[in-house]
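The following note sets out a reading of the structure for a colleague at the bench. The points are numbered so that each can be checked against the coordinates in turn.

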Amino acid sequence: MLEDKRFPTKAKLFRGLADQSRLKILEVLRTGSKCVSELVTLTGLSQPNVSAHLSCLAECGLVVGIPEGRRVYYRLARDDVEALLGLADLVSDNCKDGIDSCPNYRAT
């Protein structure tokens, strides 16, 4: 039986990325650092929603906040987060038909 001590962590990562609100935030941050008000405008999410998701993403180590004056600017924490999002683009483009027709997972 295949066992890997990373499976639980990987599963949690993918569950976290399965939330469209968090994905929207991460996608916007791929373009550069943004403060909460910019993320609200660019994602269409509410300020409390953006703040809650940023907190989750920061606790997981996927984003970091850098204080600048009265604002905090968030960015992707690591280059490999950008790489993962890029690979997700590639896989979702190449497997779109199968993913879209999969009866086990429904888009939210």
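**Note on the predicted model**

1. In E3, Tyr74 is the bridge partner of Gly65. This pair is a convenient place to enter the structure, which is a predicted model.

2. The pairing extends beyond these two residues: strand E3 (residues 71-76) and E2 are joined by 6 bridges and run antiparallel. The sheet as a whole is open, has 3 strands in the order E1-E3-E2, and is paired in antiparallel fashion. Strand E1 (34-35) and strand E2 (63-68) each have a single partner strand and stand at the edges, so one side of each lacks a neighbour in the sheet. As general background, strands of a sheet pair through backbone hydrogen bonds, in either a parallel or an antiparallel manner.

3. Helix H2 (residues 20-29) lies across E1, E2 and E3. With respect to E3, helix H2 runs at about 90 degrees.

4. The overall architecture may be stated briefly. The chain contains 6 helices and 3 strands, and from the N terminus on its elements follow the order α-α-β-α-α-β-β-α-α. Along the principal axes, the C-alpha atoms fill a box of roughly 50 × 30 × 20 Å. Of the 108 residues, 21% count as buried. Among contacts with a separation of 6 or more, 47% come from residues 24 or more positions apart.

5. Helix H4 (residues 47-59) merits a check of its geometry. At 1.5 Å a residue, its 13 residues should span 18 Å, and the end C-alpha atoms are 18 Å apart, which agrees. After H4 comes Gly61, with a positive phi near 85 degrees.

6. Which residues of H4 are buried? They are Val50, His53, Leu54 and Leu57. Seen down the axis of H4, the buried residues fall within an arc of 105 degrees, so they line one face of the helix. The general rule is that an α-helix has 3.6 residues a turn, so residues three or four places apart point the same way. On the other side of H4, Pro48 and Glu59 are exposed.

7. What covers the buried residues of H4? The cover includes H2, helix H3 (36-43), E2 and E3. Two of the strands described above, E2 and E3, are thus among the elements that cover this face.

8. His53 deserves separate attention. This residue is placed in helix H4 and has a relative accessibility of 11%; it counts as buried because the cut-off is under 20%. Leaving aside residues up to four places away in sequence, His53 touches Asp19, Ser21, Arg22 and Ile25.

9. How many disulfides does the model contain? The count comes to 0. Cys56 is in no disulfide, and the nearest cysteine sulfur, that of Cys60, is 4.4 Å away. Cys60 is likewise in no disulfide, with the sulfur of Cys56 as its nearest cysteine sulfur at 4.4 Å. The pair is not counted because a disulfide requires sulfur atoms within 2.5 Å.

10. The exposure of these cysteines completes the note. Cys56 is partly exposed, with a relative accessible area of 29%. Cys60 has a relative accessibility of 54% and counts as exposed, since the cut-off for that class is over 50%.

Technical notes: Residues are numbered from 1 along each chain as its sequence is written. This is a predicted model: local features need pLDDT of at least 70, side-chain atom pairs count only at pLDDT 80 or more; totals for chains, interfaces and linings use all residues. Side-chain values use heavy atoms; hydrogens and water are left out. Two strands pair if DSSP finds at least two bridges between them. Helices (H or I, at least four residues) and strands (E, at least two) are DSSP runs, numbered from the N terminus. Contact means heavy atoms within 4.5 Å. Axes are lines fitted to C-alpha atoms, for helices over the stretch in contact, and angles run from 0 to 180 degrees between N-to-C directions. The expected span of a helix is 1.5 Å times one less than its number of residues. Buried means under 20% relative accessible area, exposed over 50%, partly exposed in between (1.4 Å probe, protein chains only). The arc is that of the directions from the helix axis to the C-beta atoms.
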